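Good morning, everyone, and thank you for making the time. Before I begin, please take a moment to look over the sequence and the model.

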Amino acid sequence: MTRVDPGLVQTIGRWIEQADADAPPPILGIAGSQGSGKSTLAHAVAEQFGCAALSLDDVYLTKAERQALARDVHPLFATRGPPGTHDLGLLNRVLDRLRSAGPGDATPLPRFDKLADDRKPEADWPVFQGRPAAIILEGWCLGAQAQTQAMLASPVNELERTRDADGRWRREINDGLAGAYADLTTRLDRLIFLRAPDFARVLDWRSEQEAGLLGVPTLSPEHRAAISDFIRFYERLTRHMMDGGIAADFTATLDPERHPVAITGRL
């Protein structure tokens, strides 16, 4: 089970409490690999300091929209997760509504059903009441910077070698990073990056999460192998971000148990 570092929560809380009460609520981004604890941290901060919590995972394009993207752009876009599979227009509209919310306003927050692989009906979205002290937006690729063409040239794993041999999928993702995702980054007042110690740890963390959801101590080798295949969709950018390809204000490098062992930058 992912535990929240109380020191990190309090550091974020002090930043929230210093915000100008007469200005729109600030937006704090939390980036990190799968299983790094960004969702747990976002919800802990939101609950303790009266914030609205949003996730990139909840603004995926609908299943039909991703199927159209897979048909018209590249088949790999049928799989949610990488840049290009999010509805950033929806996200920006929700951010605008939260930033202008008053004490008596109610703001529906999008939710995605991962089992159905589709967005939930708006009638099933939770509603944030009032004006948030801050908006906490978490997402694995927040702040990821576009790569150079030279960096895109060579595949990083078997997925890219066999299913993106011409590099079209990764170039489309990169174009998104340089465009709409970079624009989203400019909306963040601060960005925190939870940095994994190495990419191999991402599989361990994601497998732990899945086991917890299923209520089992460990996953079968077959299930773990399936997760390993899935995180290959995230590998290029995860490695890039770990190597410095992220515009973060504050980086917490984690140990294998997700405890911060090194801090760089400040809020």
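I will speak about two helix contacts and then about a pocket.

This is a predicted model, in which local features need pLDDT of at least 70 and side-chain atom pairs count only at pLDDT 80 or more, while totals for chains, interfaces and linings use all residues. Residues are numbered from 1 along each chain as its sequence is written, and side-chain values use heavy atoms, with hydrogens and water left out.

Let me start with helix H4, residues 88–99, where helices are DSSP runs (H or I, at least four residues) and strands are runs of E (at least two), numbered from the N terminus. H4 packs with H8 at an angle of about 15°, and their axes lie 11 Å apart; axes are lines fitted to C-alpha atoms, for helices over the stretch in contact, and angles run from 0 to 180 degrees between N-to-C directions. The two helices, H4 and H8, are therefore roughly parallel, a term that covers angles under 35 degrees. On the H4 side the contact (heavy atoms within 4.5 Å) includes Leu88, Leu91 and Arg99, and on the H8 side Tyr181 and Leu184 are among the residues involved.

H8, residues 180–187, also meets helix H7, residues 168–178, and here the axes come within 3 Å and cross at roughly 30°. Gly176, Leu177 and Ala178 of H7 touch Ala180, Tyr181 and Ala182 of H8.

Which elements give two or more residues to the lining of the largest pocket? They are helix H2 (38–49), strand E2 (52–55), strand E4 (112–113), helix H9 (199–214) and helix H10 (221–242).

Technical notes:
Angles under 35 degrees count as roughly parallel, over 145 as roughly antiparallel, 65 to 115 as roughly perpendicular and the rest as oblique.
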